[in-house]
Structures are given as C-alpha cells and as structure tokens.
Amino acid sequence: MSGLADVVGADQVLTDAGVRQGYETDWTGRFHGSCEAVVRPADAQQVAAVLRWAADNGRAVHVQAGNTGLVGGSVPAPGDRPVIILSTTRLRTPAQVIGHSVLAGAGLTLGEVQRLAAAHGLVYGVDLAARDSATIGGTVATNAGGIRVCQYGMTRDQVQGVEAVLMDGTIVRRMSGLAKDNTGFDLAGLLTGSEGTLGVITAVRLKLHDRAPESVVAVFGVDSLAQALEHANAQGAGLQAAEVVDRQAWRAASGPDLGDHPWALLIETDIETAELPDEALVATEGPDRARLWEFRESQSEVAQKLGVKQKVDIAVPLDRLDEFTSAVYASHPCSIFGHVADGSLHVELFDEGEDDVLNTVVALGGAVSAEHGVGRVKTRAVVNDRGAATVAAMKSLKDAWDPDGVLNPGVLFGADA
Ligand SMILES: Cc1cc2nc3c(=O)[nH]c(=O)nc-3n(C[C@H](O)[C@H](O)[C@H](O)COP(=O)(O)OP(=O)(O)OC[C@H]3O[C@@H](n4cnc5c(N)ncnc54)[C@H](O)[C@@H]3O)c2cc1C
C-alpha cells in the first residue's frame, strides 16, 4: 500500500476495517463486498497513478462515488483478486458556469450542481431523490434518469463533455461544449452509462436550461396508468413531471386520502396551462409543494422500512403499462411507483420474484433497466434483453480498454459474457 500512499498521501488510503465497512455495503444494504483499502485521489493525474499501481500490483479497482446506486454496482463483487475501492468523492474541481453549461468535478453532488445552476438563473435538468448524496460523476456513469426526464431527457441528453481516465492511465478530455463536433468517436457518449467499466470519469461538462415557467404541483387518484398518461398528456408542453405511486405505497408513506383509486398521480405542470380535475390537491407555494413531493420521494425509504427484498427498475412501452402491472400484482407481493410519462416503474418486491418480473418485461418489449443500470444484479437479464451478440459487442469494447478486467469486475458483464 505504500505505493498508493505516495500517490494520494497516506491519509487518503483508508485501511481501517471500521472505516472500510461504510464503503463495503451499498445504500440498500443488500449488496456487500470487501476491499483491502479505500483510496481517495484528488485529481485525474492521481486517478491515473492509482490505476497504474493497481495494474502493476495485481489488484482490481472498484469505482465508488456517492454509493447511492441501487443495483449493487457501487460495491465490489466477490472475485479472485484483491480489490481497492477508488472513491471519487474528492474529485471536487469547483463547478463553473459558462453560458448554458456547467463544468464540474465528478465528485460534486448533483444537488451542488443544481444549486449553482439556480444561482445563475438556470436549471440542471436531472433531478432525483438522492440528489444530496449522488455525485454528478455517478449520475453520468449510470446515465441517471429521475423525475424530470419528460421535460429534459436523461443524463445522456445533458452531457456535453467528459474528462476520464482509462485503465492504461490515459487521460481523455473533450470539454469544449461545441454544438457541432463530429470529430471521431463520441467518447463522452460511450462513457455515459458505462457504470465504471470503461474508465473513471473525473470531470464533466453539462447542458443547463432556462428556468421553467412557474408550476403547480397536483395530486389526485386515478384508476389506471393509461388514465394517468391521459392526464399527463393533457398538460402538453407544460408538463414538468408525472409520477405515480400505488395505493399501498401511498398509504405507507402516510399520503393524504385520495379515495379508493388504485394509483396516486402527482403532476407538476405550467400553472398557466394546467389541466387538472376538480378534486386534485394543489400546491403552489414552496413548503406545500415539498410536502406533496415528499410522499413520492420517500418511496425508496418507505420500501426499505417495509422490508423490500428486491428492487426492480424497468421500462415498458407506454401502451403496455397496465398489462405489466396487472401481471406483476397477480404473481408477487409488491408495491409499485415510478415515472409514468417515461414508462419507467420501480417494482418493490417483497418476495424473490425479480427474474420472473424481468421475463415479463422482456416479453412486453421493455427494458430490464430503465435508469438504475445493470450493476451486479442484472448481468444475466441484460443478455435476455439485448441478446448475446449485442452483449458480445459491448464486451469487446470492455476488453479493448481494460484487457485484464481490472475495472469494476462483476459489473455489467456476468461470468458468461
Ligand atoms: C433514494 C434514492 C432515489 C433514487 N432515485 C433515482 C432516480 O429517480 N433515477 C435514477 O436514475 N436513479 C435513482 N437513484 C439511484 C442513484 O442515485 C443513481 O444511480 C446515481 O446516479 C448514482 O450516483 P452515485 O454517485 O451514488 O454513484 P455510485 O452509487 O457510487 O456508483 C454507481 C455506479 O457508477 C459507477 N461510478 C460512479 N462514479 C463514477 C465515476 N466518476 N466514474 C466511473 N464510474 C463511476 C460505480 O462504479 C457504479 O457502478 C436513487 C437512489 C436513491 C438512494
């Protein structure tokens, strides 16, 4: 370990078992791993030196950021090589707003970037409940979705540039933010959503948006997801978010009574053009809006408290959402919530039915991961979803960039790939 201490400083190589423990279990408490040390580099050069040290010394490297990922990708999988966790949380190059974009170190949190954008009268288009722990680099590495996808798109749609360190220690950087740039491969696009398997993202350049029109938050009951979509579509271009929570989960979060409807629908929409039913609970002021959002945003934590066994993030075509939920409710004890306008649902299973749910998703033409990624948990399902030939093409890229499989072994690719 002394070689690592020479690179990052002895105080940034954490070997104490009690300290390591916090890094060896993920947010859900479902995934564990073990590491020899947690290493905390401060810049791209140090990341490169850590990767070279690991390659020279027969170590695997597991990249961890805010550790809020929900598919086990943030902690080491069991393997035959000793592992060091490379924490990105010190990659905190201060964020800088340039026109309608922001340059930020990968270790800044999503919330910090959002607040900086707001201070410039602008908006960063990605938002999710873990905003104050998830890092901006982690959201790019997982191509995070969240609650504003219907308005601004996924993280991929915001990425204008990336600085990253590849396994051989090469630092690649393209941060010019040019609107037109067809000069070769789109490395930023390739690294977005690669879940730490191709390189370590050290800084990013992201698109910012003009502030959205003043909005209203409304909650009301609906009888199906098709009906929820009708209400979302009725908002036209004014729609800013459309989220559903099933009755069981809504009640578990102590949400207000919405009658006997099986679903609660939360809509945020332009106040000028809102099309809402008379019975909707409506909030326009900060604390009231936050209160309504809280019943939706607390859902991951509510499911944890209820003893969720498997958390399944999927997407199905919009016209098959009700067919999907009917099939799942009929077969498994679960609660369901999610981003209905994107066809993206989170199934919180109280049994071990994940494989069955994912088979249903594939049969309906959906995606086995909508926004959380593949991580450790869906490596088999990804072959089922994409087909062996596509997974082999992805793996050939991994093999070219990381021939010895040092980075994030066990993530994205299973043993058969
Ligand atoms: C309460 C809660 C709500 C959530 N809501 C949503 C949601 O609505 N939408 C959504 O998409 N996700 C959601 N998530 C999941 C999670 O917040 C996202 O996946 C987030 O993008 C992970 O960021 P992180 O910094 O915590 O990364 P980590 O969890 O530490 O890592 C995630 C993966 O990315 C890799 N990685 C991280 N940083 C880098 C880097 N700099 N370079 C290379 N690889 C890296 C890791 O190796 C790992 O494979 C939620 C999580 C929680 C706990």
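1. Contact here means heavy atoms within 4.5 Å. Keep in mind, too, that this is a predicted model. On that footing, 12 residues of domain 1 touch 15 residues of domain 2.

2. For orientation, the domain assignment splits the protein into four pieces: domain 1 covers 2-87, domain 2 covers 96-210, domain 3 covers 214-297 and domain 4 covers 306-402. Taken over C-alpha atoms, the centres of domain 1 and domain 2 sit 22 Å apart.

3. How much area is buried between domain 1 and domain 2? It comes to about 1,000 Å², with carbon and sulfur atoms giving 80% of that. On the domain 1 side, Ala44, Leu51 and Thr68 are the trio to look at: they supply 40% of the area domain 1 buries against domain 2, more than any other three residues.

4. If you go looking for charge pairing across the interface of domain 1 and domain 2, the rule finds zero salt bridges. Polar contacts don't turn up either, with zero residue pairs when both partners are held to pLDDT 80 or more. As for what domain 1 does present to domain 2, helix H3 (residues 44-56) gives the most, with seven residues. By type, that side of domain 1 divides into eight nonpolar residues, three polar and one charged.

5. Now the ligand. There are 35 residues around it, and Val63, Ala65, Thr68, Gly69 and Thr135 come nearest. Thr68 is worth a second click, as it is also one of the three residues in the domain 1 trio above.

6. Which atoms of Thr142 approach the ligand? An N or O atom in its side chain is 2.9 Å from a ligand oxygen. Glu195 uses its backbone instead, with an N or O atom 3.2 Å from an oxygen of the ligand. Ile201 also brings a backbone N or O atom, this one 2.9 Å from a ligand nitrogen.

Technical notes. Residues are numbered from 1 along each chain as its sequence is written. This is a predicted model: local features need pLDDT of at least 70, side-chain atom pairs count only at pLDDT 80 or more; totals for chains, interfaces and linings use all residues. Side-chain values use heavy atoms; hydrogens and water are left out. Domain bounds come from an automatic or database domain assignment. Buried area is the accessible area (1.4 Å probe) that two parts lose on being put together, summed over both. A salt bridge is a side-chain nitrogen of Lys or Arg within 4 Å of a carboxyl oxygen of Asp or Glu. A polar contact is a pair of N or O atoms within 3.5 Å; within protein, one must be able to donate a hydrogen and the other to accept it, and residues adjacent in sequence count only if both atoms are side-chain atoms. Helices (H or I, at least four residues) and strands (E, at least two) are DSSP runs, numbered from the N terminus. Ala, Val, Leu, Ile, Met, Phe, Trp, Tyr, Cys and Pro count as nonpolar, Asp, Glu, Lys and Arg as charged, and the others, Gly among them, as polar. A residue is near a molecule or strand if one of its heavy atoms lies within 4 Å of it.
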